[in-house]
Amino acid sequence: MLFLFQDNRIHTSKYSILTFLPINLFEQFQRVANAYFLFLLILQLIPEISSLTWFTTIVPLVLVVTMTAVKDATDDYHSTHLPPSNILYHETNLKVRHALSVTSELGADISRLAKFDGIVVCEAPNNKLDKFTGVLSWNGSKHSLNNEKIILRGCVLRNTSWCFGMVIFAGPDTKLMQNSGKTKFKRTSIDRLMNTLVLWIFGFLICLGTILAIGNSIWENQVGDQFRTFLFWNEREKNSVFSGFLTFWSYIIILNTVVPISLYVSVEVIRLGHSYFINWDRKMYYSRKATPAEARTTTLNEELGQIEYVFSDKTGTLTQNIMTFKKCSINGRIYGKRNLFFLLLLALCHTVMSEENSAGELIYQVQSPDEGALVTAAKNLGFIFKSRTPETITIEELGTLVTYQLLAFLDFNNFRKRMSVIVRNPEGQIKLYSKGADTILFERLHPSNEDLLTLTSDHLSEFAGEGLRTLAIAYRDLDDKYFREWHKMLEDANTTTDERDERIAGLYEEIERDLMLLGATAVEDKLQDGVIETVTSLSLANIKIWVLTGDKQETAINIGYACNMLTDDMNDVFIIAGNTATEVREELRKAKENLFGRNRSFSNGHVVFEKKQSLELDSVVEETVTGDYALIINGHSLAHALESDVKNDLLELACMCKTVVCCRVTPLQKAQVVELVKKYRNAVTLAIGDGANDVSMIKSAHIGVGISGQEGLQAVLASDYSFAQFRYLQRLLLVHGRWSYVRMCKFLCYFFYKNFAFTLVHFWFGFFCGFSAQIALDTSYWTVINHVFIWGSIATYFSILFTMHSNGIFGIFPNQFPFVGNARHSLTQKCIWLVILLTTVASVMPVVAFRFLKVDLFPTLSDQIRQWQKAQKKARPLRTRKPQTRRSSSRRSGYAFAHQEGYGELITSGKNMRAKNPPPMSGLEKTLYNSTSWIENLCKKTTDTVSSFSQDKTVKL
């Protein structure tokens, strides 16, 4: 199938020079207020009904439209000039690409490259970043092309001095442009409220105009004819109904100030200021990485103060994503130190690349922190990975260099969740070494491993109970003849074009069986600083936190306990682990019965749940649930729970729980959970994450927050707000969010009050002017008044001050004004400014003292709770708890489930190898997170916090 290919021009802007004016005006006049004032301007051009000149409307309308247009053009310009690499490939980890061997032989010979006449037959343009299928026909041979041999538009080349290529897709056909879909436009509740208010105000204006028009018709019929003699009107022109009709439109013009034309612009200016407050906040600045907080949007600030649900990733968001090798299980025993065969496997089975720096130190370049931790652990224990070529791996085993022949590399991907290498040792034996998710490897073990499998499973549960990330380790001895036959089939599969990936996956499955279990590894990913305090304070603000992670269940549960999202004081923790929709539905039903059964035995509490009986209906039944509950559900069960006939039960149970942990979830499932709550709970949601797998969740929530951590900037670039540490979320929501919302509400109240006060004067004046649509106060009058009182008062003060101390006044009245130049000289004295400061303090102190005394004399319920908590903390110190295994479940490695395809094909191709002096390769920057939080006293929320103040009542903080 032939396609008409595009040129290389791309269009990422929303506007162009020719389309900006019509498109922008069309968008702006979709706003109710702007459309109304355009209609008002048309009315003012009709002399019979207008008592105001047309420029009184067109000037503010043009000003508002112009300011908004400039803002839109500026935003579009900056978004267009964002480097394309920032859209998809702004990651710290190295992405591997290499050329075909037949084309790489062309080298940098321009004459040979100019004669290249190959033909590429490939798939149609699409947005799949991880897959490409094509065939190059050249010199009578066909060569398969896959994703590893394609460089996408927007990539930044590293570790190579030059690169020649053949363009396959250009312009809009590139995968970068195919993925640059439109981002959802996010609006705040304030925006929706303002539009609703404008509609109601417009209705109110219609009512005022109707009342005054009726009054005019009555007045014209009963009184107006007495004045027609003086106006030289003819009797035939007497028509009170028509007069009322014209008066209606006249009053629509006069009373137009009740509809706020400058409201939207004023709100945008305030939001811009709030955004700068966030950017300038030094308490949200992470000095170790010189990363400030950034408000990437200016339209959602006040929505931060209305968050009800927070959806958080675990790895890199709650934890540091800096891995440390802690323990291992070898042949049924737990070790903190070494075992030779086990360490040999760790030194051989990986995709790590090594290099030496200028000081001669060995540096590992890794694709993930987990792999770096395992290879570094082997290195520290005597098995040092030194170097590799396409055919060999060199290891220093306890001081002795040993070279292994690399025969095959079976790489990681999202479906295999494991990786393997096949090597020949110096004795000539062929061995397959494999590591991956324990649930995956355990299914491929030889039956003789049953006893060892049981012991290792128990150890994995123990590791997970301590919050460690685990991997299973296994091997297999291969027969030389069997391997040669298998390798021949693998080569044939690599050269085919039909179902190539499926055939290769089948061969991998065939050889990765009858494995012998060797043990398991445990890597620690520590919590970030301030996570516990942040979670506790957000819980006190009645914000529910849901953790959505790809880690195994035990790891996720124990991280929940470490963060205080799960506590020993909880009434129950419900675990949903069904394998079918029926099982999941039954488990959800039993959990609800258990919850309601416990609920009947209590009479007070503080958790409120609004239950929807049906997702299609708006009827809401409020129920009060006593005690604290938690829900744990894995990805397999979640897939069934998100089905249309089960998700109602899931949502009902989850919203009754204080904490929800979804483990083993995919990026799509993260977004689906957010959409479920966002759609059917009518609650404001926030999603926070640090990796590419969190992008869909971040975009789905009302507000997305990206953390600039170890996994690059994809989450940051897709977010509305970004910072470097999870603990800054507390200040973003409880300080900036609350203040922005309070300020905006106060502004709106004042704004509408001012407009109504000015407009109703004209309404009242209509009863005294015969409903003749005359204005009581001209708009220019109020404009002059505003300027006089603001600028005039300042100018008058300084004018009088300097005049009374000037040479001229001294010459006229020397006895009354003897202090020549006193004002100018005195303001340069420090003591004068000290007096001004003391005067200001003396004026402010009574107000401040009253505010402090009010808390003690007339405390609110929140003040009482805060005082009670301080007293409780002094009386009972915070107890520490050692993490322990909570419940048993399927054991899987979050690392293996989250790992992307590695460097396997590049390693075996040899294109990354240099004979001498290899160029330095970009490594991963590992920065430990260490900072303190301003909230140190807030450690625990107890279930009896409110019950001590309000018995038999439901209290929402």
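These are my notebook entries on helix α2, helix α8 and two residues of α8 in a predicted model.

**Entry 1: the whole chain**

I began with the protein chain as a whole, and I found that its secondary structure comes to 33 helices and 25 strands. Of its 957 residues, 47% count as buried. I then looked up the contacts between residues at least 6 apart in sequence, and 73% of these join residues that are at least 24 apart.

**Entry 2: helix α2**

I turned next to helix α2, which runs over residues 32–44 and has 13 residues. From its first C-alpha to its last, α2 reaches 18 Å, and this is close to the 18 Å expected at 1.5 Å a residue. Which residues of α2 are buried? I noted Ala-33, Asn-34, Tyr-36 and Phe-37, and further along the helix Leu-40, Leu-41, Leu-43 and Gln-44.

**Entry 3: how α2 lies against α8**

I kept in mind that two packed helices are described by the angle between their axes and by the distance between those axes. For α2 and helix α8, which covers residues 189–222, the angle is about 30° and the axes are 10 Å apart. Angles under 35 degrees count as roughly parallel, and I therefore wrote down α2 as roughly parallel to α8. I also noted that α2 passes α8 in a left-handed crossing.

Where do the two helices meet? On the α2 side I listed Val-32, Ala-33 and Tyr-36, and on the α8 side Val-198, Leu-199, Phe-202 and Leu-205. Sorted by class, this contact of α2 with α8 has seven nonpolar residues, with no polar and no charged ones. Two of the names in this contact, Ala-33 and Tyr-36, had already appeared in my list of buried residues of α2.

**Entry 4: Ile-190**

I then looked at Ile-190, which is found in helix α8. Is Ile-190 buried or exposed? Its relative accessibility is 3%, and because buried means under 20%, Ile-190 counts as buried. Not counting residues up to four places away in sequence, Ile-190 touches Arg-271, Glu-302, Tyr-741, Met-744 and Leu-748. I also looked up Val-267, which is 77 residues from Ile-190 along the chain, and the C-alpha atoms of the two are separated by 9.7 Å.

**Entry 5: Asp-191**

My last entry concerns Asp-191, whose place is also in helix α8. Asp-191 has a relative accessible area of 14%, so this residue is buried as well. Leaving aside the neighbours within four places in sequence, I found Asp-191 in contact with Arg-271 and Thr-299. Arg-271 is thus a name I wrote down for both Ile-190 and Asp-191.

Note on methods: Residues numbered from 1 in each chain as written. Predicted model: local features only at pLDDT ≥ 70, side-chain atom pairs only at ≥ 80, totals over all residues. Heavy atoms only, no water. Helix = DSSP H or I, 4+ residues; strand = E, 2+ residues; numbered from the N terminus. Expected span 1.5 Å × (residues − 1). Buried < 20%, exposed > 50% of the residue type's maximum accessible area, 1.4 Å probe, protein only. Axes fitted to C-alpha atoms, helices over the stretch in contact; angles between N-to-C directions. Parallel < 35°, antiparallel > 145°, perpendicular 65-115°, else oblique. Left-handed = near helix turned anticlockwise from the far one by under 90°. Contact = heavy atoms within 4.5 Å. Nonpolar A, V, L, I, M, F, W, Y, C, P; charged D, E, K, R; others polar.
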